Amino acid sequence: VKIYGQQPVDYRSVDLLGYYVRELFHDRRTSFTPDADWHVIDVRARGPMMAPTDDEKEVGRVVSLTIRLQRKET
């Protein structure tokens, strides 16, 4: 999940949103609903980390999500 804004006005907002996104998904299996043949084993969120930007006028953060799924037994 990438969050972008303008420097320096949005710096704090972008940073805080990165932490909110991490909190929203980390260890929350119910955040995702796969189709009926699968179930969520776990969800891991990492970050926020600096995201690439085109110039110094932008600020960006990225939160990496790892979602492990398992096929349900039939």
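These legends go with four close-up views of a predicted model.

**View 1. Helix H1 and its two sides.** Helix H1 takes in residues 11-25. Do the numbers for its length: at 1.5 Å a residue, its 15 residues should span 21 Å, and the end C-alpha atoms sit 22 Å apart, which agrees. Val14, Gly18, Val21 and Phe25 are the buried residues to look for in H1. They take up an arc of only 65 degrees around the axis, so they end up on the same side of the helix. That fits the usual α-helix pattern, where there are 3.6 residues a turn and so residues three or four places apart point the same way. Swing round to the other side of H1 and you meet Arg12 and Tyr20, both exposed. What covers the buried residues of H1? Strand E1 (2-6), strand E2 (38-50) and strand E3 are among the elements that do. Just after the helix comes Asp27, with a positive phi, near 60 degrees.

**View 2. The aromatic pair, Phe25 with Phe32.** Search the whole structure and you get one aromatic pair. Its rings, from Phe25 and Phe32, have centres 5.3 Å apart and planes at 25 degrees; that is under the 30-degree cut-off, so the pair is stacked. Are the two partners buried or exposed? Phe25 has a relative accessible area of 16%, so it is buried, while Phe32, at 26%, counts as partly exposed. Phe25 is also one of the buried residues of H1 from the view above.

**View 3. Arg61 in strand E3.** This arginine belongs to strand E3, and with 9% relative accessibility it counts as buried. Its side chain makes a polar contact with the side chain of Tyr11, at 3.3 Å. Beyond its neighbours within four places in sequence, Arg61 is in contact with a string of residues, including Val1, Lys2 and Ile3, then Tyr11, Val14 and Asp15, and also Pro48, Met49, Met50 and Ala51. Val14 is worth spotting here, since that residue is also on the list of buried ones in H1.

**View 4. Glu58 in strand E3.** Glu58 sits in strand E3, which runs over residues 58-71. With a relative accessible area of 25%, this glutamate is partly exposed. A polar atom of its side chain lies 3.2 Å from the backbone nitrogen of Asp54. Setting aside neighbours within four places in sequence, Glu58 is in contact with Gly5, Gln6, Gln7 and Thr53. How far apart are Glu58 and Val9 in space? They are 49 residues apart in sequence, and their C-alpha atoms are 9.7 Å apart.

Note on methods
Residues are numbered from 1 along each chain as its sequence is written. This is a predicted model: local features need pLDDT of at least 70, side-chain atom pairs count only at pLDDT 80 or more; totals for chains, interfaces and linings use all residues. Side-chain values use heavy atoms; hydrogens and water are left out. Helices (H or I, at least four residues) and strands (E, at least two) are DSSP runs, numbered from the N terminus. Buried means under 20% relative accessible area, exposed over 50%, partly exposed in between (1.4 Å probe, protein chains only). Contact means heavy atoms within 4.5 Å. A polar contact is a pair of N or O atoms within 3.5 Å; within protein, one must be able to donate a hydrogen and the other to accept it, and residues adjacent in sequence count only if both atoms are side-chain atoms. The expected span of a helix is 1.5 Å times one less than its number of residues. The arc is that of the directions from the helix axis to the C-beta atoms. Rings of Phe, Tyr and Trp (its six-membered ring) pair if their centres lie within 6.5 Å; planes under 30 degrees apart count as stacked, over 60 as edge-to-face and the rest as tilted.
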